[in-house]
Amino acid sequence: MVPHAQPQRVNVVAAPFLGRVTHQVLVAVAGLAVTHAADLRLTPDHSFAFCGPPSSAARQLMADLVDLGLVVDRNDPKAAISACVGSAGCWWAHADTHTVAADLAAASHMPGRVHLSACAKRCGAPAGVRQLVADESGTFR
Ligand code: SF4
């Protein structure tokens, strides 16, 4: 939650885990924007910005977004993980990055910012971030 130019309003940003949402979540996000009288924007990093909902509605909006699986807290372990599409969408993949990422996020201790790649091509891997790469057996190293 970040301040808005009008003090009785706020801005709320929610990030999809791994930058992806289903169409059902997308429809629900649009519905929440209507329900909470917010302008909905997409940010350059693939997040949803709810601009200007009433301050009094912010907590409920954030709770609803979390219920949809979105990340609204920078300290959420899910915010520290990125991944390539993995076996969900790539012929080259040796592993299911989505499942491994969800397991990592659920772990009690995250080892800092991590990017998962399902093969040595490392598509989309950000610089300066710890990288785990799946070998041909599907093991991340
Ligand atoms: S890193 Fe490998 S598995 Fe992942 S998207 Fe790129 S080519 Fe596919």
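This report walks through a predicted model of one protein, from its overall layout to its ligand shell.

**Overall layout**

The protein has 141 residues, and 26% of them count as buried. Its C-alpha trace spans about 55 × 30 × 25 Å along the principal axes. Three helices and eight strands make up its regular elements. From the N terminus on, they run β-β-α-β-β-α-β-β-α-β-β. Take the contacts between residues at least 6 apart in sequence: 50% of these join residues at least 24 apart.

**The N-terminal strands**

Strands of a sheet pair through backbone hydrogen bonds, either parallel or antiparallel. Here, β2 (residues 9-16) pairs in the antiparallel sense with β1 (residues 2-3). A hairpin of five residues leads from β1 to β2. β2 also pairs with β4 (residues 48-54), again in the antiparallel sense. A further antiparallel partner of β2 is β5 (residues 70-71). The table sets these pairings beside the parallel pairing of β6 and β7, with one residue pair for each.

| Strands | Sense | Bridges | One residue pair |
|---|---|---|---|
| β1 and β2 | antiparallel | two | P3 and V10 |
| β2 and β4 | antiparallel | five | A14 and F48 |
| β2 and β5 | antiparallel | two | P16 and L70 |
| β6 and β7 | parallel | three | S82 and H115 |

**Helix α1**

Helix α1 covers residues 23-35. Its 13 residues, at 1.5 Å a residue, should span 18 Å. The C-alpha atoms at its ends are 18 Å apart, so the expected span and the model agree. A37 follows α1, and its phi is positive, near 55 degrees.

**The parallel sheet**

An open sheet of three strands has the order β6-β7-β8, with parallel pairing. β6 (81-83) and β8 (130-133) stand at its edges. Each has a single partner strand, so one side of each is left without a neighbour in the sheet. On average, neighbouring strands here are turned by 20 degrees against each other, direction ignored. Helix α3 (residues 97-106) packs on this sheet and touches β6 and β7. The direction of α3 makes about 175 degrees with that of β6.

**H94, in the loop before α3**

H94 sits in the loop between β6 and α3. Is this residue, H94, buried or exposed? H94 has 20 C-beta neighbours inside 10 Å, so it counts as buried. Which residues does H94 contact, apart from neighbours within four places in sequence? They are A118, C119, A134, D135, E136 and G138. D39 lies elsewhere: H94 and D39 are 55 residues apart in sequence and 40 Å apart in space, C-alpha to C-alpha.

**The ligand shell**

Which residues are around the ligand? The shell includes C84, V85, G86, C90, W92 and A93. S117, A118, C119, K121, R122 and C123 are also around the ligand. By class, the shell divides into eight nonpolar, two polar and two charged residues. A118 and C119 belong to the shell, and both are also in contact with H94. S117 is in the shell too, and β7 spans residues 114-117.

Terms used
Residues are numbered from 1 along each chain as its sequence is written. This is a predicted model: local features need pLDDT of at least 70, side-chain atom pairs count only at pLDDT 80 or more; totals for chains, interfaces and linings use all residues. A residue is near a molecule or strand if its C-beta atom, placed from the backbone, lies within 6 Å of it. Ala, Val, Leu, Ile, Met, Phe, Trp, Tyr, Cys and Pro count as nonpolar, Asp, Glu, Lys and Arg as charged, and the others, Gly among them, as polar. Two strands pair if DSSP finds at least two bridges between them. Helices (H or I, at least four residues) and strands (E, at least two) are DSSP runs, numbered from the N terminus. Axes are lines fitted to C-alpha atoms, for helices over the stretch in contact, and angles run from 0 to 180 degrees between N-to-C directions. Two residues are in contact if their C-beta atoms, placed from the backbone, lie within 7 Å. The expected span of a helix is 1.5 Å times one less than its number of residues. A residue is buried if 20 or more other C-beta atoms lie within 10 Å of its own, exposed if 12 or fewer, and partly exposed in between; C-beta atoms are placed from the backbone.
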